[in-house]
Structure formats: C-alpha cells, structure tokens
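This report describes selected surface features and charged side-chain pairs of one structure. The sequence and the model are shown first, and the account follows.

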Amino acid sequence: MFTINIYVRFAAIVAGFILGIGLWAAYGFWYGFPFLLIGIIMFAGYIMFGTIMSSFMMIQSQNFDGAEKRLGLTYFPKFLISMVRSQFFMAKSTLAMQKKDFESAENWTNQAIQAGFNSDNEKAIAFLQLAGIAANRNKRNVAQNHLNEIKKLNITEKMISDQVKEFEKQLKLMAQANGTGVPMMMGRPGFRPGGKRPMPRVR
C-alpha cells in the first residue's frame, strides 16, 4: 500500500505554503501557485486521512509503540472523513487492548461504531471487540447482546465469520462454567479479547 511518509508530508506542506506565498509576493500569483497547490493538496490529504494508513501497517507488523506515536500525529481526528475516523478509533481501541486497558478500548470502540463503517465486516470486528471486552469482565449477557448484533450483519469475510463462531462456542463454555465462577476460553481461565483479528481495510 502506497503512503507518503508523514514527515515528508509535513515538510511538503510547510515548503509549499512558504515558497508559494513568497514567490507570489515577489513575482506574482502564477509563480507561487504551483507550490501553493502542492501545499494545499498535501494539507487536505492530511486533514482527511490523518496517519491511519501507516499506523495500521505498524499495528499489523506488531510495532505497537510506533503505531501509537504515529496515531498521535493525527492532530485533528474530528476532521477525518467518516470511514477513516472510525478506523482511527478502532486503531486506538486495538492499542488500548494491547495494554489491557479495557475501559479505554471499550470507549474507543463505541466511538468507532458511532462514526460509522463502510461495511458490515468492519462493524462485526467492532462488535466482536466489545463482546470480548464484556466476556473478559465476566459480563456474559452483555457479550451475548453484542453477539446478537453481529448476527444481524451480512459478514462476507470467512476469517471474521470463523472468529464469530469460535467466540460463540467459548461464550457457551463460559455459561457452562458459570456455576464454578470460572469462565473458560480456549481451555484456559478467562477470555482474551484483542487478539489477532483482521484490520479494517483502509481505502
């Protein structure tokens, strides 16, 4: 996936505006216009897409510290286009899950759902994240509610469907073990939300 290095983008934005305004002032508008145009295009791309593409690439390569720093360079998340804004929140949720900060992860995931997704596959990933968080807190009914929301969706990616089916099995094991107070996941105590899941596609 092609992406412009964020520092190169920042440099192009600054250089474009400085050169554009300087040449405009010194020689006239048309001398500075090409540089201004470059600066405007680079700035518009940053405002609409932020740093989400490179951040997801870092998450997929397990560079979580780098991904967190890169996401921090998206200074105006409210101005991201809706599909990218939801992915930004999901990336924040994934990083919170890695730190086992389930409260923050739940908050970011809910914000992602509110921002909206382009596909039911992406929405299913978000609800599966919420279901995993609820199960980790031993809130089986809440997890089941999220699972019910997933079942309403038209999931077309087999990997996601398989993960939903596996989660449903483990939720039933949790119900069966409820008498002992020990939820079971993959034969071990406790659920492990936030595992390896397909990242939402960045378009």
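## Nonpolar patch and salt bridges

In this predicted model, six side chains, those of Trp24, Phe29, Trp30, Phe33, Leu37 and Ile41, make up a nonpolar patch on the surface, and their accessible area together is about 630 Å². The largest contribution comes from helix 2 (residues 29-49), which supplies five residues to the nonpolar patch. Trp24, another member of the patch, lies in helix 1 (residues 6-27). The relative accessible area of Trp24 is 42%; Trp24 is therefore classed as partly exposed, since that class covers values between the 20% limit for buried and the 50% limit for exposed.

The charged side chains are considered next. Side chains of opposite charge can pair when their charged atoms come close. Counting a Lys or Arg side-chain nitrogen within 4 Å of an Asp or Glu carboxyl oxygen, the model contains five salt bridges. The table lists three of them, with the distance between the N and O atoms.

| Acidic residue | Basic residue | N to O distance |
|---|---|---|
| Glu106 | Arg137 | 3.0 Å |
| Glu149 | Lys152 | 3.3 Å |
| Asp162 | Lys158 | 2.7 Å |

The salt bridge between Glu106 and Arg137 has its closest N and O atoms 3.0 Å apart. This pair connects distant parts of the chain, its members being 31 residues apart: Glu106 belongs to helix 6 (residues 102-115), whereas Arg137 sits in the loop between helix 7 (120-136) and helix 8 (140-151). Both partners fall in the partly exposed class, Glu106 because its relative accessibility is 26% and Arg137 because its relative accessibility is 31%.

In the salt bridge between Asp162 and Lys158, the closest N and O atoms are 2.7 Å apart. Both residues lie in helix 9 (residues 158-176); because they are four residues apart there, about one helical turn separates Asp162 from Lys158. Asp162 has a relative accessible area of 33% and is therefore partly exposed, while Lys158, at 61% relative accessibility, counts as exposed.

Lys152 and Glu149 also pair through their side chains, with 3.3 Å from N to O. Is each partner of this salt bridge buried, partly exposed or exposed? Lys152 counts as exposed because its relative accessibility is 63%, a value over the 50% limit. Glu149, in turn, is partly exposed, with a relative accessible area of 30%.

Conventions. Residues numbered from 1 in each chain as written. Predicted model: local features only at pLDDT ≥ 70, side-chain atom pairs only at ≥ 80, totals over all residues. Heavy atoms only, no water. Helix = DSSP H or I, 4+ residues; strand = E, 2+ residues; numbered from the N terminus. Buried < 20%, exposed > 50% of the residue type's maximum accessible area, 1.4 Å probe, protein only. Patch = residues over 30% accessible without salt bridge, like charges linked within 9 Å, V, L, I, M, F, W, Y side chains within 5 Å. Areas by Shrake-Rupley, 256 points an atom, 1.4 Å probe, with all protein chains shown as cover.
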